[in-house]
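Student: I should like to work through this structure step by step. May we begin with its overall plan and then turn to its details?

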Amino acid sequence: MTRIAISNQRPATSTAQFPAALLFAAVLSCLSAQTYADESAKSSRSSEPVNARQAAANLEKQFWACDYAATTRGVGLGEGAMCGEAYEDLKMSKFRGDFQAMLSWWQQNKAAEHLALAAVSRTIAAPKADQVTSR
């Protein structure tokens, strides 16, 4: 009789999760590319310039939030799908689908954007003086 050892230990988390998360987001974005193209063509005809600028700014904020989350804590399936859409939408709207242009922009801005998001995270996590109560 052969004994099979079963372990409940989880493997150590590694930095390999980040590339996997980005790959997963990229795959999801490819799957939704046709749907995006169809809906983008419909919505671009009826949108106003002011709304388009606001939407682009919000899309960029969403992209950086996703990038920061994937880098610092990882993302789940639902969040990964949302992030994949944000990535694809930003690439199409800001870079006209040019991955190399987006990659260059990302490399130039990542450090500053991540520092800003980390500062916001620290501000949210730290209790304010009026929120601290003594017992």
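**Overall plan**

Tutor: Along the sequence, the protein runs in the pattern α-α-α-α-α. Please keep in mind that this is a predicted model.

Student: How many helices and how many strands does the protein have?

Tutor: The pattern along the sequence reads α-α-α-α-α. The count agrees with that reading: there are 0 strands, and the number of helices is 5.

Student: What percentage of the residues count as buried?

Tutor: A residue counts as buried when its relative accessible area is under 20%. The protein has 135 residues, and the share of them that count as buried is 19%.

**The nonpolar core**

Student: Which helix gives the most residues to the largest nonpolar core?

Tutor: This core has 10 residues, namely L59, F63, W64, A86, Y87, L90, F95, M102, W105 and W106. At least two of them come from each of α3 (49-72), α4 (77-95) and α5 (99-125). With 4 residues, the helix that gives the most is α4.

Student: With which residues is M102 in contact, leaving aside its neighbours within four places in sequence?

Tutor: M102 is itself a member of the largest nonpolar core. Beyond its sequence neighbours within four places, M102 is in contact with F63, Y87, L90, K91 and F95.

**Helices α3 and α4**

Student: How far does α3 reach from its first C-alpha to its last?

Tutor: α3 has 24 residues, and at 1.5 Å a residue the expected reach is 34 Å. The value in the model is close to this: 35 Å.

Student: Why does the span of α4 agree with what is expected?

Tutor: α4 has 19 residues, so at 1.5 Å a residue it should span 27 Å. The two values agree, because the end C-alpha atoms of α4 are apart by 26 Å.

**The disulfide**

Student: Which two residues form the disulfide?

Tutor: A disulfide is a covalent bond between the sulfur atoms of two cysteines. The structure holds 1 disulfide. Its sulfur atoms are 2.1 Å apart, and the pair is C66 and C83.

Student: How many residues apart are C66 and C83?

Tutor: The pair links distant parts of the chain, with C66 in helix α3 and C83 in helix α4. Their separation in the chain is 17 residues.

Student: Are C66 and C83 buried or exposed?

Tutor: C66 is listed with the buried residues of α3, among them L59, F63 and W64. C83 is listed with those of α4, among them G80, G84 and A86. The state of C66 and of C83 is therefore buried.

**The loop after α4**

Student: What is the phi of R96?

Tutor: Most residues other than glycine have a negative phi. R96 follows α4 and lies in the loop between α4 and α5. Its phi is positive although it is not a glycine, with a value near 50°.

Student: Why does R96 count as exposed?

Tutor: The cut-off for an exposed residue is over 50% relative accessible area. R96 is above it and so counts as exposed, because its relative accessibility is 78%.

**Helices α3 and α5**

Student: How are α3 and α5 oriented to each other?

Tutor: Two packed helices are described by the angle between their axes and the distance between the axes. The axes of α3 and α5 come within 9 Å and cross at roughly 75°. An angle of 65 to 115 degrees counts as roughly perpendicular, so the orientation of α3 to α5 is roughly perpendicular.

Methods: Residues numbered from 1 in each chain as written. Predicted model: local features only at pLDDT ≥ 70, side-chain atom pairs only at ≥ 80, totals over all residues. Heavy atoms only, no water. Core = buried A, V, L, I, M, F, W, Y, C linked by side-chain atoms within 4.5 Å. Buried < 20%, exposed > 50% of the residue type's maximum accessible area, 1.4 Å probe, protein only. Helix = DSSP H or I, 4+ residues; strand = E, 2+ residues; numbered from the N terminus. Contact = heavy atoms within 4.5 Å. Expected span 1.5 Å × (residues − 1). Disulfide = S-S within 2.5 Å. Axes fitted to C-alpha atoms, helices over the stretch in contact; angles between N-to-C directions. Parallel < 35°, antiparallel > 145°, perpendicular 65-115°, else oblique.
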